[in-house]
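Q: Hey, got a minute to walk me through this model? I'd like to start with the ligand.

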Amino acid sequence: MLEETGLAYEPHRIDILADESHDPAFLALNPNGKIPAIYDPSGTPLALFESGAILLYLADKTGQFISADPNTRYETIQWVMWQMGGVGPMFGQLGFFNKFAGKAYEDKRPRDRHATESARLLGVLDERLSGRDWVMGTDYSIADISLLGWVRNLIGFYEARELVGFDCFLHVQAWLDRGLARPAVQRGLQVTAA
Ligand SMILES: N[C@@H](CCC(=O)N[C@@H](CS)C(=O)NCC(=O)O)C(=O)O
């Protein structure tokens with residue numbers, strides 16, 4: 001989002017595998033101990049956590065990636081909320097059961113439950129993207145930005161491509177390719193890779 005908007009920013013790498021998200025300095029920004037969080041020193045300084053709130057704040061600050069039309073604006077927020085309440089938690093837990101500590105659990109029902117629900121969510125997104133380039137149609141928005149990273153990680157970092165039958169979701173695949181081809185997304189990925 002910061003690359004897309006062109007806002008000046010200073011990235012800080014927080015290594016969650018080294019538990020840096022629970023360092024006191026980071027907890028001062030986000031008492032919930034999870035990335036991402038931002039601190040905006042301009043105007044009245046503001047610390048924010050939860051990616052949905054951050055995206056909305058930056059969209060309103062710049063007047064970009066959210067519509068000024070009230071109905072379209074709330075529909076965009078609806079899809080961001082859908083990511084926050086459904087996609088993020090479900091894909092994240094699937095990652096836990098498929099790749100991290102939960103992988104060793106003998107009982108595969110929790111993994112399969114999260115895989116089934118993740119596939120259902122991908123189906124909802126696939127349907128939404130049928131006949132649309134982006135979640136809100138022709139305009140790329142914070143709804144897409146909120147979802148791209150999770151979908152990319154589901155089939156990449158979390159290694160769940162086959163488990164969720166990703167190859168069936170042709171509209172999601174085309175959307176992911178379009179999103180990843182955006183120069184700002186590529187620049188953002190380089191920041192986190194550094
Ligand atoms: N709803 C939160 C989710 C944040 C989240 O799950 N962050 C994960 C990485 S994707 C994290 O910081 N995990 C470290 C931990 O739980 O200790 C948001 O969208 O900002």
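A: Sure, and the ligand's backbone partner is a good place to begin: a backbone N or O atom of Ile-35 lies 2.8 Å from an oxygen atom of the ligand. That's a polar contact, meaning a pair of N or O atoms within 3.5 Å; within protein, one must be able to donate a hydrogen and the other to accept it, and residues adjacent in sequence count only if both atoms are side-chain atoms.

Q: Before we go on, what kind of model is this?

A: It's predicted: local features need pLDDT of at least 70, side-chain atom pairs count only at pLDDT 80 or more, and totals for chains, interfaces and linings use all residues. Residues are numbered from 1 along each chain as its sequence is written, and side-chain values use heavy atoms, with hydrogens and water left out.

Q: OK, back to the ligand. What does the side chain of Lys-34 do there?

A: An N or O atom of that Lys-34 side chain sits 2.6 Å from an oxygen atom of the ligand. Glu-50 has a polar side-chain atom 2.7 Å from a ligand nitrogen.

Q: And how much of the ligand does the protein bury?

A: 72% of the 520 Å² that the ligand exposes when taken alone (Shrake-Rupley areas with a 1.4 Å probe).

Q: Which residues surround the ligand?

A: Among them are Ile-16, Ser-21, His-22, Pro-36, Met-84 and Trp-150, where being near means a heavy atom within 4 Å.

Q: Pro-36, you say. What's the peptide bond from Ile-35 to Pro-36 like?

A: It's cis, with omega near 5°. Most peptide bonds are trans. Pro-36 is in the loop between helix 2 (24–29) and strand 1 (37–40); helices (H or I, at least four residues) and strands (E, at least two) are DSSP runs, numbered from the N terminus.

Q: New topic: what is phi of Asp-19 near?

A: Near 65°, a positive value in a residue other than glycine. Asp-19 is found in the loop between helix 1 (2–5) and helix 2.

Q: Now helix packing. At what angle do helix 3 and helix 6 cross?

A: Roughly 145°, and the axes of helix 3 (residues 51–62) and helix 6 (residues 142–155) come within 10 Å. Axes are lines fitted to C-alpha atoms, for helices over the stretch in contact, and angles run from 0 to 180 degrees between N-to-C directions.

Q: Who meets whom in helix 3 and helix 6?

A: Leu-55, Leu-56 and Ala-59 of helix 3 meet Ile-142, Ile-145 and Ser-146 of helix 6, with contact meaning heavy atoms within 4.5 Å.
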